[in-house]
Amino acid sequence: LVPLLVGAYAVTSRSAARVAPPATLAQLEGLMQGVFIAARPAIVQLQTLTVSSSAAQPTNHADGSRSVTTVERGRATGFFISADGYALTAYHAVAGQSRFQALTTQQDLLPALVVGYDESRDLALLKVSVSRPVPFLELELTRTLKLNEPLVEIGNADEDLMQPRYGAVLEFVQDSGLLVPTPLVYSSVILNPGDSGGAVLDFYGKAVAIGIGYAISDVRRVSLLVPMQGLSGAIERMKRGAKTRLPGIGLHVVHNPDGGVLIDRVEPASSAFDAGITRGIVVSVDGRDIEWQDDYYSAIRAKGLGQRTILMVKSGTSTQRFNLELR
């Protein structure tokens, strides 16, 4: 599987015996449409806004120069988990963002703040400024999902505003690589950019997982879900303001068939961003040749916060050396 989308997830999976024959997409829609309709009012579209300035060529202005302001808009999904405006989303959907707002199904555009996060589980807890109680979803924190169990994720990809993506559980992923060192679930739900952070619901209307991305191969495409089972403690810690980061330099990478790993995304305000890295192929970390995503993340995660790592990044015919601090 070649991971794509909102973060590069290197995964290996473990299959288990099927407990029921898989349903068709039409059957899943018929089964889960009522769940979607009931849950939709608790979903929000997260709109992020990042404003940055950079120096431009000298002009005739009084100070001899001008700044160029760049506005980048992002979009992801979240969902209320309490009537007073607490909401969950994927951590990577809000990481490094300076401002964001939550658009509700009532077309209210509300300010939202990150209260806490846990990067190791790709979770973030938001507090949305609500003026009245809001619909919210009940979390399923104890039950284990079953193979072929029907699911619906509600997301905001493309021009769809809080729309359903139907599917079912395919596999349980025990070793998801070191980028997100937590068990994952593969499903047949079709996720796209903008769906990340959306609630994944079971037949009973409970939030059983969060959608974080997808992966494709020559034979299939799967979505990557973080199950809610066992996350009660993590959510309570985030409510108290806990912010758990994994050591990193701000690069997200995908496998490159011609060698090394391709830089897929650079987080704002990271060591890589500050060093001016925007694109290229990482060919080695601390002298260790890098061929796969697991190679890269294993090398980075082997160090702690404040330590430094040496990256060799190839761009075109040249290769640059970067000495970066893990933050």
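**Note on the predicted model**

1. Glu 291 sits in the loop between strand S19 (288-289) and helix H5 (293-301). The model is predicted, and this note describes it as such. With a relative accessible area of 38%, Glu 291 is partly exposed. Leaving aside neighbours within four places in sequence, its contacts are His 255, Gly 259, Gly 260 and Val 261. Leu 262 is 29 residues from Glu 291 in sequence, and the two C-alpha atoms are 9.9 Å apart.

2. On the chain as a whole: there are 327 residues, of which 49% count as buried. The secondary structure consists of five helices and 21 strands. Among contacts with a separation of 6 or more, 65% are between residues 24 or more positions apart. The accessible surface is about 15,300 Å², and carbon and sulfur atoms contribute 51% of that.

3. Strand S14 (residues 221-227) has six of its seven residues buried, so the strand is largely enclosed by the rest of the structure. S14 pairs with S13 in the antiparallel sense over seven bridges, and a hairpin of four residues joins the two strands. Within that pairing, Ala 215 stands opposite Val 222 of S14. S14 also runs antiparallel to strand S11 (residues 184-187), with three bridges between them. There, Tyr 186 has Leu 224 of S14 as its bridge partner.

4. The largest nonpolar core has 55 residues. Phe 79, Ile 81, Leu 88, Leu 137, Leu 139 and Ile 235 have the most contacts inside this core. Not counting residues up to four places away in sequence, Leu 137 touches Ala 39, Ala 42, Ile 43, Phe 79, Phe 80, Ile 81, Ala 199 and Leu 201. Another core, of 20 residues, lies apart from the largest one; Ile 249, Ile 263, Ala 272 and Ile 277 are among its members.

5. The whole structure contains 14 salt bridges. One of them joins the side chains of Arg 121 and Asp 118, at 2.7 Å from N to O. The two partners differ in exposure: Asp 118 has a relative accessible area of 5% and is buried, whereas Arg 121, at 24%, is partly exposed. The cut-off for buried is under 20%, so Arg 121 does not fall in that class.

6. Lys 206 and Glu 138 form another salt bridge, with the closest N and O atoms 3.5 Å apart. This pair links distant parts of the chain, the partners being 68 residues apart. Lys 206 lies in the loop between strand S12 (199-201) and strand S13 (207-216), and Glu 138 lies in the loop between strand S8 (123-128) and strand S9 (150-155). Lys 206 is partly exposed, with a relative accessible area of 24%. Glu 138 also counts as partly exposed, at 48%.

7. Arg 143 forms a salt bridge with Glu 149, where the closest N and O atoms are 2.6 Å apart. Arg 143 is partly exposed, with a relative accessible area of 25%, while Glu 149 counts as buried at 12%. Elsewhere, Glu 119, Arg 245 and Glu 267 are joined into one network by salt bridges that share partners.

Methods:
Residues are numbered from 1 along each chain as its sequence is written. This is a predicted model: local features need pLDDT of at least 70, side-chain atom pairs count only at pLDDT 80 or more; totals for chains, interfaces and linings use all residues. Side-chain values use heavy atoms; hydrogens and water are left out. Buried means under 20% relative accessible area, exposed over 50%, partly exposed in between (1.4 Å probe, protein chains only). Contact means heavy atoms within 4.5 Å. Accessible areas come from the Shrake-Rupley method with a 1.4 Å probe; for residues, only the protein chains shown count as cover. A salt bridge is a side-chain nitrogen of Lys or Arg within 4 Å of a carboxyl oxygen of Asp or Glu. A nonpolar core is a set of buried Ala, Val, Leu, Ile, Met, Phe, Trp, Tyr and Cys residues joined through side-chain atoms within 4.5 Å. Two strands pair if DSSP finds at least two bridges between them.
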